[in-house]
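Work through the following exercises with the sequence and the model side by side. Each task is followed by a solution in steps.

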Amino acid sequence: MSALSSDGLDGLTNGPLEEAFKRLKRSVWVFHLNTGSCNGCDIEVLDVLTPYFDVERFGIKLVGSPRHADLILLTGPVTIKTLSKVIKAIKAMPRPRLILALGSCAVGGGIWFNTYSTLGGYPKLEEVLKKVGVEVDKVVYVPGCPVRPEAIIYGAAVLLGLLQPKVTHRRMVAVEG
């Protein structure tokens, strides 16, 4: 079980953003956004909601609209077909925008990282979001294929600032040539 924070947890010292995180101490509503996954991670997300793991006891509740969500559970490598809908859903979410990228495909594209029909995971989506002016406040990556329910719960706790991440990462870019 591991979760990788994109900025560590020390980036929460900004004034308005810190205030927004304090408001999240109540129940957290999540929106599940499938961006073209094989449904392996989607099944694990559903498993988190079953009585065995029962995340509703922590106040985590699944909602049907990104407009009501505090957090988006993003699964899949972000296909070109879903790109406009993904941007629209993330843009509709109120600030602070929190994203939990679940599974190998969402973290880096998985086996689809350089195919013609996908962007290659959340890092590529983040570049597109910056170009269209959509700002995401915090992202936590939860790798795995499929991601385990325990890892999803741990990643949500890290994202909400309840736990410290076990590891942090710095994204490296390979130069071709």
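On a 1 Å grid over the protein atoms alone, a pocket is an open set of points with protein on both sides within 12 Å along at least five of seven lines, whereas a cavity is a set of points where a 1.4 Å probe fits but cannot get out; lining residues have an atom within 4 Å of a point. Grid points are joined across faces, edges and corners, and a volume is the space filled by probe spheres set on the points. The model is predicted: local features need pLDDT of at least 70, side-chain atom pairs count only at pLDDT 80 or more, and totals for chains, interfaces and linings use all residues. Residues are numbered from 1 along each chain as its sequence is written, and side-chain values use heavy atoms, with hydrogens and water left out.

**Exercise 1. Describe the largest pocket and its lining.**

Step 1. The volume of the largest pocket is about 300 Å³.

Step 2. Its lining consists of Val-107, Gly-108, Phe-113, Gly-120, Pro-123, Lys-124, Glu-127, Arg-171, Met-172, Val-173, Ala-174 and Glu-176. Two elements, α4 and α5, give two or more residues to this lining; helices (H or I, at least four residues) and strands (E, at least two) are DSSP runs, numbered from the N terminus. The largest share, three residues, comes from α5.

Step 3. Sorted by class, the lining has six nonpolar, two polar and four charged residues. Here Ala, Val, Leu, Ile, Met, Phe, Trp, Tyr, Cys and Pro count as nonpolar, Asp, Glu, Lys and Arg as charged, and the others, Gly among them, as polar.

**Exercise 2. Describe the largest cavity in the same way.**

Step 1. The structure holds one cavity of 30 Å³ or more, and the largest cavity has a volume of about 100 Å³.

Step 2. Val-30, Val-45, Val-48, Leu-49, Val-55, Ile-60, Leu-71, Leu-73, Ile-152, Ile-153 and Ala-156 line the largest cavity. At least two lining residues come from each of α2 (40–49), β4 and α6 (149–159).

Step 3. The class count for this lining is eleven nonpolar, no polar and no charged.

**Exercise 3. Set out the fold and the nonpolar cores.**

Step 1. The chain has six helices and seven strands, in the order β-α-β-α-β-β-α-β-α-α-β-α-β along the sequence. Of its 177 residues, 50% count as buried, where buried means under 20% relative accessible area, exposed over 50%, and partly exposed in between (1.4 Å probe, protein chains only).

Step 2. A nonpolar core is a set of buried Ala, Val, Leu, Ile, Met, Phe, Trp, Tyr and Cys residues joined through side-chain atoms within 4.5 Å. In the largest core, of 26 residues, Ile-90, Tyr-122 and Leu-125 touch the most other members. Elements that each supply at least two residues of this core are β2, β4, α3, β5, α4 (103–108), α5 and β6 (138–142). The most comes from α3, with five residues.

Step 3. Apart from this core lies another, of 22 residues, including Val-48, Leu-71, Leu-98 and Leu-102.

Step 4. In helix α3 (residues 83–92), the buried residues are Leu-83, Val-86, Ile-87, Ala-89, Ile-90 and Ala-92. They pack against β2 (28–34), β4 (71–75), β5 (98–102) and α5 (122–131), with contact meaning heavy atoms within 4.5 Å.

**Exercise 4. Which residues of α6 are buried, and what follows α6?**

Step 1. The buried residues of α6 are Pro-149, Ala-151, Ile-152, Tyr-154, Gly-155, Ala-156, Ala-157, Val-158 and Leu-159. Because nine of the eleven residues of α6 are buried, the helix is largely enclosed by the rest of the structure.

Step 2. Gly-155 has a relative accessible area of 0%.

Step 3. Gly-161 follows α6 and has a positive phi, near 80°.

**Exercise 5. Locate the cis peptide bonds and positive phi values in the loops.**

Step 1. Arg-95 and Pro-96 are joined by a cis peptide bond, with omega about 0°; Pro-96 sits in the loop between α3 and β5.

Step 2. Another cis peptide bond joins Cys-145 and Pro-146, with omega about -10°. Pro-146 belongs to the loop between β6 and α6.

Step 3. Asn-39, in the loop between β2 and α2, has a positive phi near 80° although not a glycine. Asn-39 is partly exposed, at 39% relative accessible area.

Step 4. Asp-54, in the loop between α2 and β3 (60–62), likewise has a positive phi, near 45°. Asp-54 is partly exposed, with a relative accessible area of 30%.
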